[in-house]
Amino acid sequence: WPGDVIVLPGSRDLRIGDTLHAGKPVQFPRITTFTPHLFKQVSNRDISRRKQFQQGLSQLGDEGVVQIYVDPAVGIQTPICAAVGELQYEVFVHRMQNEFGVEIGLSALPLQVSVAWDEANEGNPPRASGMRVLESTHGVRLLAFGSDWALANYRKDHPELALHDVL
């Protein structure tokens with residue numbers, strides 16, 4: 001019945017927002033996900049636990065605990081976590097430690113606002129001072145800025161670009 005909570009052991013292919021149904025397929029509106037404004041670089045404090053670190057990043061990113069991004073210029077060796085609130089980071093640290101046995105370090109980045117890059121835009125995002133281009137593990141490209149003012153200037157300088165406040 002609607003509202004029931006069920007458990008499906010071993011169902012690794014399901015993600016937040018997926019719908020299970022019997023019979024005719026159903027389609028619900030997409031769950032709105034806002035662009036993050038808290039960015040932290042995450043590091044593994046014990047390199048002997050690299051496999052568990054990568055597994056934790058992948059699983060917790062897929063679950064939506066935090067969003068996982070990489071700077072394409074740097075690569076996966078320096079992952080960046082993004083969130084809307086600090087509580088997400090507390091849950092992330094706790095689960096990495098208790099479920100994956102990994103001690104992590106988080107370093108705040110000087111980024112406070114972001115927008116999603118629409119793939120309909122041609123080419124790559126024009127560069128701007130202090131802007132970082134980040135890519136999620138799900139292919140979402142994000143433009144992150146140090147302030148609302150920097151983003152407003154970028155939008156003013158590039159009105160032809162489609163930039164979104166939701167993912």
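Here is a short chat about a few residues in this predicted model.

User: Why is tyrosine 89 called buried?

Analyst: Tyrosine 89 has 2% relative accessibility, and buried means under 20%, so the label fits. Tyrosine 89 lies in helix H2.

User: What does tyrosine 89 touch, leaving out residues up to four places away in sequence?

Analyst: Its contacts include Leu38, Phe39, Lys40, Val66 and Leu106, along with Cys81, Ala82 and Ala83.

User: What makes the pairing of the tyrosine 89 side chain with the backbone oxygen of leucine 38 a polar contact?

Analyst: The side chain of tyrosine 89 reaches that oxygen at 2.7 Å. The cut-off is 3.5 Å for a pair of N or O atoms, one able to donate a hydrogen and the other to accept it, so this pair counts.

User: Arginine 95 is in helix H2 too. Why is arginine 95 called buried or exposed?

Analyst: Buried, because arginine 95 comes in at 16% relative accessibility and the limit is under 20%.

User: Which side chains make polar contacts with the side chain of arginine 95?

Analyst: Glutamate 63 does, at 2.6 Å, and glutamate 99 does, at 2.7 Å. Glu63 also turns up among the contacts of arginine 95 beyond four places in sequence, together with Gln59, Leu60, Val65 and Phe100.

User: And isoleucine 6, in the segment before strand S1: why is isoleucine 6 called exposed?

Analyst: Isoleucine 6 has 55% relative accessibility, and exposed means over 50%, so isoleucine 6 qualifies.

User: Which residues make the nonpolar surface patch with Ile6?

Analyst: Leu8, Leu14 and Leu20 join Ile6 in a patch of about 360 Å².

How values were computed. Residues are numbered from 1 along each chain as its sequence is written. This is a predicted model: local features need pLDDT of at least 70, side-chain atom pairs count only at pLDDT 80 or more; totals for chains, interfaces and linings use all residues. Side-chain values use heavy atoms; hydrogens and water are left out. Patches are made of residues with over 30% relative accessible area and no salt bridge: like charges are joined within 9 Å, nonpolar side chains (Val, Leu, Ile, Met, Phe, Trp, Tyr) within 5 Å. Accessible areas come from the Shrake-Rupley method with a 1.4 Å probe; for residues, only the protein chains shown count as cover. A salt bridge is a side-chain nitrogen of Lys or Arg within 4 Å of a carboxyl oxygen of Asp or Glu. Buried means under 20% relative accessible area, exposed over 50%, partly exposed in between (1.4 Å probe, protein chains only). Helices (H or I, at least four residues) and strands (E, at least two) are DSSP runs, numbered from the N terminus. Contact means heavy atoms within 4.5 Å.
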